[in-house]
Amino acid sequence: MSLQIAIDGPAASGKGTLAKTLAMALGYDYLDTGTLYRAVAKLAADAGLVHPDGSFTETDIVEIARNLTLPLGNSDGLRTSEIAQIASKIASNIAVREALIDKQRQFAKTPPNGKGAVLDGRDIGTVILPDADLKLYIDADVEVRAKRRFLELSAKDETISQAQILADLIERDTRDKTRKTAPLIPAPDAQIIDTSEMSAQEVLEIAVNLVKRL
Ligand code: CDP
């Protein structure tokens, strides 16, 4: 069986950067599970199914989630602050999460190149792949994360202040950590890495060394 690596952590902690570069270094396939929730959020928002207060009708959103197929096609417009907030609200819904579980497990079980899979998200080590070969929980100081996300969004011309990003991250993290279904929490057997004072390269080296010891 091919190897499975689970990477979880709060928003803008560096888990996506690590997951992508680690998969590339190992020749594994990478699944950013946040894009699944973001894609459902965008499809729902575009169809007018999300009310201004963020509420929605469960059956509408579950149907969108069920119909999602991997690999996702067009990812344009998914990485905005607005879609992130809607994604986080939708991700609190148990039926929506259930509709996405098998798609993620299937990817991990049969990654396209057959060598191994790296999945990143919030519940990979706890719910999706409880038997993953390696579990990492990537964290960083919230101010550092807001700065990183500010630089990412500014580069894409999204006009949003760092203070607003900080407020959005805190709101989203709180929702993700306190929801009843699959809350963001380190798996008991996860290795916790605080990347506040580390470069992306340093984090990658730590992860590669952990994989070598498997
Ligand atoms: O990139 P960032 O860390 O800001 O967010 P993301 O990983 O794209 O996830 C967007 C939202 O989807 C999160 O705030 C979570 O609410 C939700 N999500 C989740 O619940 N479970 C996952 N495995 C991945 C994302």
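Which helix does Lys42 lie in? That is one of the points worked through below. The model is predicted.

**Exercise 1. Place Lys42 and judge its exposure.**

Solution.
- Step 1: find the element. Lys42 lies in helix α2, which covers residues 34–46.
- Step 2: apply the cut-offs. Buried means under 20% relative accessible area, exposed means over 50%, and partly exposed is in between.
- Step 3: classify. Lys42 has 23% relative accessibility, so the residue counts as partly exposed.
- Step 4: compare sequence and space. Lys42 and Asp168 are 126 residues apart along the chain, and their C-alpha atoms are separated by 18 Å.

**Exercise 2. Describe Thr35 by element, exposure and polar contact.**

Solution.
- Step 1: Thr35 is found in helix α2.
- Step 2: its relative accessibility is 17%, so Thr35 counts as buried.
- Step 3: look for a partner. A polar atom of the Thr35 side chain lies 2.7 Å from the backbone oxygen of Asp32.

**Exercise 3. List the polar contacts to the ligand, then state how much of the ligand the protein covers.**

Solution.
- Step 1: start with the nearest residues. The ligand has 18 residues around it, and Lys15, Arg38, Arg97, Arg149 and Asp176 come nearest.
- Step 2: take Lys15. One of its polar side-chain atoms lies 2.6 Å from a ligand oxygen.
- Step 3: take Arg97. Here a polar side-chain atom is 2.7 Å from an oxygen atom of the ligand.
- Step 4: turn to a ligand nitrogen. This atom is 2.9 Å from an N or O atom in the side chain of Thr33.
- Step 5: read the cover. Taken alone, the ligand exposes 530 Å², and the protein buries 98% of that.

**Exercise 4. Say where the ligand sits and what makes up its shell.**

Solution.
- Step 1: identify the site. The ligand takes up the space of the largest pocket.
- Step 2: name the elements. Those that give two or more residues to the shell are α2 (34–46) and α8 (162–178).
- Step 3: find the main contributor. Helix α2 supplies the largest share, three residues.
- Step 4: sort by class. The shell holds ten charged residues, four polar and four nonpolar.

**Exercise 5. Find the backbone features in the loops.**

Solution.
- Step 1: look for a cis peptide bond. The bond from Leu70 to Pro71 is cis, with omega near -5°. Pro71 is found in the loop between α3 (58–67) and α4 (81–90).
- Step 2: look for positive phi outside glycine. Ala12 has phi near 60°. Ala182 has phi near 45°.
- Step 3: place both alanines. Ala12 lies in the loop between β1 (3–8) and α1. Ala182 is in the loop between α8 and β5 (191–194).
- Step 4: check exposure. Ala12 is at 10% relative accessibility and therefore counts as buried. Ala182 has a relative accessible area of 12%, so this residue is buried.

**Exercise 6. Is Ala19 buried or exposed, and how far is its C-alpha from that of Leu136?**

Solution.
- Step 1: locate the residue. Ala19 is in helix α1, residues 15–26.
- Step 2: read the accessibility. The value for Ala19 is 0%, so the residue counts as buried.
- Step 3: read the separation. Ala19 and Leu136 are 117 residues apart in sequence. In space, the C-alpha to C-alpha distance is 9.9 Å.

Conventions. Residues are numbered from 1 along each chain as its sequence is written. This is a predicted model: local features need pLDDT of at least 70, side-chain atom pairs count only at pLDDT 80 or more; totals for chains, interfaces and linings use all residues. Side-chain values use heavy atoms; hydrogens and water are left out. A residue is near a molecule or strand if one of its heavy atoms lies within 4 Å of it. A polar contact is a pair of N or O atoms within 3.5 Å; within protein, one must be able to donate a hydrogen and the other to accept it, and residues adjacent in sequence count only if both atoms are side-chain atoms. Accessible areas come from the Shrake-Rupley method with a 1.4 Å probe; for residues, only the protein chains shown count as cover. On a 1 Å grid over the protein atoms alone, a cavity is a set of points where a 1.4 Å probe fits but cannot get out, and a pocket is an open set with protein on both sides within 12 Å along at least five of seven lines; lining residues have an atom within 4 Å of a point. A molecule sits in a cavity or pocket if more than half of its atoms lie within 2 Å of its grid points. Helices (H or I, at least four residues) and strands (E, at least two) are DSSP runs, numbered from the N terminus. Ala, Val, Leu, Ile, Met, Phe, Trp, Tyr, Cys and Pro count as nonpolar, Asp, Glu, Lys and Arg as charged, and the others, Gly among them, as polar. Buried means under 20% relative accessible area, exposed over 50%, partly exposed in between (1.4 Å probe, protein chains only).
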